[in-house]
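Open your viewer, load the model and follow along from one selection to the next. Each stop tells you what to pick and what to look for there.

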Amino acid sequence: MNKYGKKSGLLFNDECLSRFYNDKFFQKRIFSRIEDRVGISFSPLLNNFKCTEEVYSMLMDINIFIHQKENQYRLHLRENQCIVFSNYLYLHSRTKFPKDSQRTLFRFWF
């Protein structure tokens, strides 16, 4: 907000990004209002997207910010532990799994 001011509102627009994917055209926003919070949608599907230079500049700054270790919180789950959180309110990723371990992923939509 300090750097872009009102221009950051562009990231809330449904037409913020556009892309052809699997022979379909889609558009999406980056930020969403979820009650009194701001959710973010940031995924590999954003590869090969089209947007304005202003939106691109903001996305690159977000990308730099989220990849800085001081802006990350790392959880170490033990065997048989799980974590449940909203995909829209928390940016997340995972580190590598050992090749000899089994990874199970369940998705819940609510």
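Helices here are DSSP runs of H or I with at least four residues, strands are runs of E with at least two, and both are numbered from the N terminus. Please keep in mind that this is a predicted model.

**The whole chain**

Start with a cartoon view. You should find one helix and four strands in the protein. Follow the chain from the N terminus and the elements come in the order β-β-β-β-α. Zoom out, and the C-alpha atoms fill a box of roughly 45 × 40 × 30 Å along the principal axes.

Now switch on the surface. The accessible surface of the protein amounts to about 10200 Å², and carbon and sulfur atoms contribute 52% of that. Of the 110 residues, 17% count as buried. If you display contacts between residues at least 6 apart in sequence, 45% of them join residues at least 24 apart.

Colour by charge next. The protein has 18 positive and 11 negative charges, and the mean positions of these two groups are 4 Å apart.

**Stop one: Ser 8**

Select Ser 8, which sits in the segment before strand S1 (17-21). Is Ser 8 buried or exposed? Its relative accessible area is 8%, so Ser 8 is buried, the cut-off for that class being under 20%. Show the neighbours too: leaving aside residues up to four places away in sequence, Ser 8 touches Met 1 and Met 58.

**Stop two: a nonpolar patch**

Select Tyr 73, Leu 75, Leu 77 and Ile 83 together, and show them as a surface. These residues make a nonpolar surface patch of about 460 Å². Then pick out Leu 77 alone, in the segment after helix H1 (53-66). Why does Leu 77 count as partly exposed? The reason is that its relative accessibility is 48%, and partly exposed covers the range between the buried limit of 20% and the exposed limit of 50%.

**Stop three: Arg 107**

Finally, select Arg 107, which also belongs to the segment after H1. With a relative accessible area of 61%, Arg 107 is exposed, since that class begins over 50%. Add Val 38 to the selection and draw a distance between the two C-alpha atoms. How far apart are Arg 107 and Val 38 in space? The C-alpha to C-alpha distance is 22 Å, while 69 residues separate Arg 107 and Val 38 in sequence.

Terms used:
Residues numbered from 1 in each chain as written. Predicted model: local features only at pLDDT ≥ 70, side-chain atom pairs only at ≥ 80, totals over all residues. Heavy atoms only, no water. Buried < 20%, exposed > 50% of the residue type's maximum accessible area, 1.4 Å probe, protein only. Contact = heavy atoms within 4.5 Å. Areas by Shrake-Rupley, 256 points an atom, 1.4 Å probe, with all protein chains shown as cover. Lys, Arg positive; Asp, Glu negative; His and termini not counted. Charge placed at Lys NZ, Arg CZ, Asp CG, Glu CD. Patch = residues over 30% accessible without salt bridge, like charges linked within 9 Å, V, L, I, M, F, W, Y side chains within 5 Å. Salt bridge = Lys/Arg side-chain N within 4 Å of Asp/Glu carboxyl O.
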